[in-house]
Amino acid sequence: MTNHETFKGYFGTYTKGDSEGIYSFTLDVANQKILNVAPAAALENPTYLTISEDNRFLYAVAKEGGNGGVAGFDILESGKLSFINSQLAPGSSPCHVSVNPDNTLLLSANYHKGSADSYLLNAETGRISATLSSVAHEGSGPDKRQEKAHTHFAGFTPDGNYAAVIDLGIDQLITYQLDNGQLIEKSRMHVKPGSGPRHLVFHPNKKIAYLMTEFSSEVLVLTYERENGSFEQMQAISTLPADFTENNQGSAIHISTDGRYVYAANRGHNSIAVFLVDPESFKLTFIEDTSTEGDWPRDFVLDPSENFLIAANQNSSNVALYSRDVETGRLTLLQSDIKVPDPVCVKFLNY
């Protein structure tokens with residue numbers, strides 16, 4: 001964990017309402033408050049963000065009229081963002097972006113196109129080159145929202161050898177080998193039909209991953225084989241109380257850096273579910289769920305010290321701040337009146 005008086009971060013948003021694009025903010029650790037929420041860059045629907053490990057560049061999902069793609073920005077000392085360039089193509093914009101540790105490769109996932117793309121990056125300037133590789137998925141699932149492929153996540157495996165790509169529409173986790181940035185299919189894992197897999201996070205041991213499903217509202221505990229990039233499921237656990245029967249859609253999932261606690265967000269139940277990780281089996285035990293004090297928590301994040309958690313409620317345009325007990329994993333509400341228009345993603349700089 002990191003000791004700082006303040007931490008800087010960014011919100012990605014939908015710009016269909018009052019939002020101007022990407023917003024910066026400061027977490028005041030001593031006073032336990034979120035301060036200085038302000039526009040950092042004007043951009044249409046920057047719904048997901050990722051930050052380079054050296055904190056020099058921020059990359060965002062981007063939309064411009066009928067075109068969609070990715071955009072890069074220099075991160076200025078003031079917290080403002082200076083546009084570098086974008087790569088756009090006709091059609092819908094992606095829903096997820098990620099960058100590798102040496103800032104040479106960017107991945108995006110496109111929900112509407114059912115595709116994943118890779119882009120070369122200039123590690124010195126942050127500039128994004130044209131699409132290097134693109135893969136499109138085919139198929140459907142039993143849920144009415146699974147009428148076709150809907151790629152929702154494209155991230156790097158901890159060893160850097162593969163891209164782990166999750167497709168909600170076809171209930172699959174597909175591993176692509178990264179061959180000079182080219183996406184070459186290596187392995188496929190099918191999850192329960194109709195579960196709608198959405199996002200993935202790795203345990204610090206790099207051998208276990210936790211996958212959040214949107215439709216079935218579950219966390220799937222997976223083993224990961226570095227040798228061939230394959231995954232295998234060993235547990236499924238609900239993120240909801242047994243008596244909850246209303247509409248819910250699972251969203252984000254994160255893990256503490258000590259590997260002891262997994263957190264998952266519920267849209268509809270409007271809560272953060274907290275799970276204890278067994279240190280030997282790595283399976284999960286439900287601890288509690290905590291209200292997000294708003295509607296439709298699309299994303300949340302642990303701060304760099306991991307003493308706090310921030311939840312972004314998309315439909316109610318508010319952000320909630322919690323203190324986190326690092327020993328028990330439990331959350332305590334500190335602040336819920338932070339106004340951010342249509343927040344969809346929240347990221348901190350790396351400390």
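Where in the chain does Ser 317 lie? Ser 317 is placed in the loop between β25 and β26 (318-324), and point 3 returns to its backbone.

1. Basis of the note. The structure is a predicted model, in which local features need pLDDT of at least 70 and side-chain atom pairs count only at pLDDT 80 or more, while totals for chains, interfaces and linings use all residues. Residues are numbered from 1 along each chain as its sequence is written, and side-chain values use heavy atoms, with hydrogens and water left out.

2. Overall form. The chain has zero helices and 28 strands, where helices (H or I, at least four residues) and strands (E, at least two) are DSSP runs numbered from the N terminus. Its radius of gyration is 19 Å, which agrees with the value near 20 Å for a compact globule with 351 residues; the radius is taken over C-alpha atoms, and the globule rule is 2.2 Å times the number of residues to the power 0.38. The C-alpha trace spans about 45 × 45 × 35 Å along its principal axes. Of the 351 residues, 59% count as buried, a term that means under 20% relative accessible area, with exposed being over 50% and partly exposed in between (1.4 Å probe, protein chains only).

3. Backbone points to check. Most residues other than glycine have a negative phi. Ser 317, although not a glycine, has a positive phi of about 50°, and Glu 306, likewise not a glycine, has a positive phi of about 65°. Glu 306 belongs to the loop between β24 (297-302) and β25 (308-313), and at 7% relative accessibility it counts as buried.

4. Salt bridges. The count comes to seven salt bridges, each defined as a side-chain nitrogen of Lys or Arg within 4 Å of a carboxyl oxygen of Asp or Glu. Arg 188 pairs with Glu 185, the closest N and O atoms being 2.7 Å apart; Arg 188 is partly exposed at 37% relative accessibility, and Glu 185 is partly exposed at 42%. Arg 145 and Asp 143 also meet through their side chains (3.0 Å, N to O), with Arg 145 partly exposed at 29% relative accessible area. In addition, Arg 198, Glu 214 and Arg 267 are linked in a network of salt bridges.

5. A bridge between separate parts of the sequence. The side chains of Arg 330 and Glu 288 form a salt bridge (3.0 Å, N to O). Arg 330 lies in the loop between β26 and β27 (331-339) and Glu 288 in strand β23 (residues 284-291), so this pair ties together parts that are 42 residues apart in sequence. Arg 330 is partly exposed, with a relative accessible area of 40%, whereas Glu 288 is buried at 15%.

6. A negative surface patch. Glu 53, Asp 54, Asp 102 and Glu 124 form a negative patch; patches are made of residues with over 30% relative accessible area and no salt bridge, like charges being joined within 9 Å. Asp 102, in the loop between β8 (96-99) and β9 (105-110), is partly exposed, with a relative accessible area of 47%.

7. A contact to consider in space. Leu 132 belongs to strand β11 (residues 128-136) and is partly exposed at 26% relative accessibility. Leu 132 and Asn 180 are 48 residues apart in sequence, and their C-alpha atoms are 9.3 Å apart in space.

Terms used. Patch = residues over 30% accessible without salt bridge, like charges linked within 9 Å, V, L, I, M, F, W, Y side chains within 5 Å. Areas by Shrake-Rupley, 256 points an atom, 1.4 Å probe, with all protein chains shown as cover. Lys, Arg positive; Asp, Glu negative; His and termini not counted. Charge placed at Lys NZ, Arg CZ, Asp CG, Glu CD.
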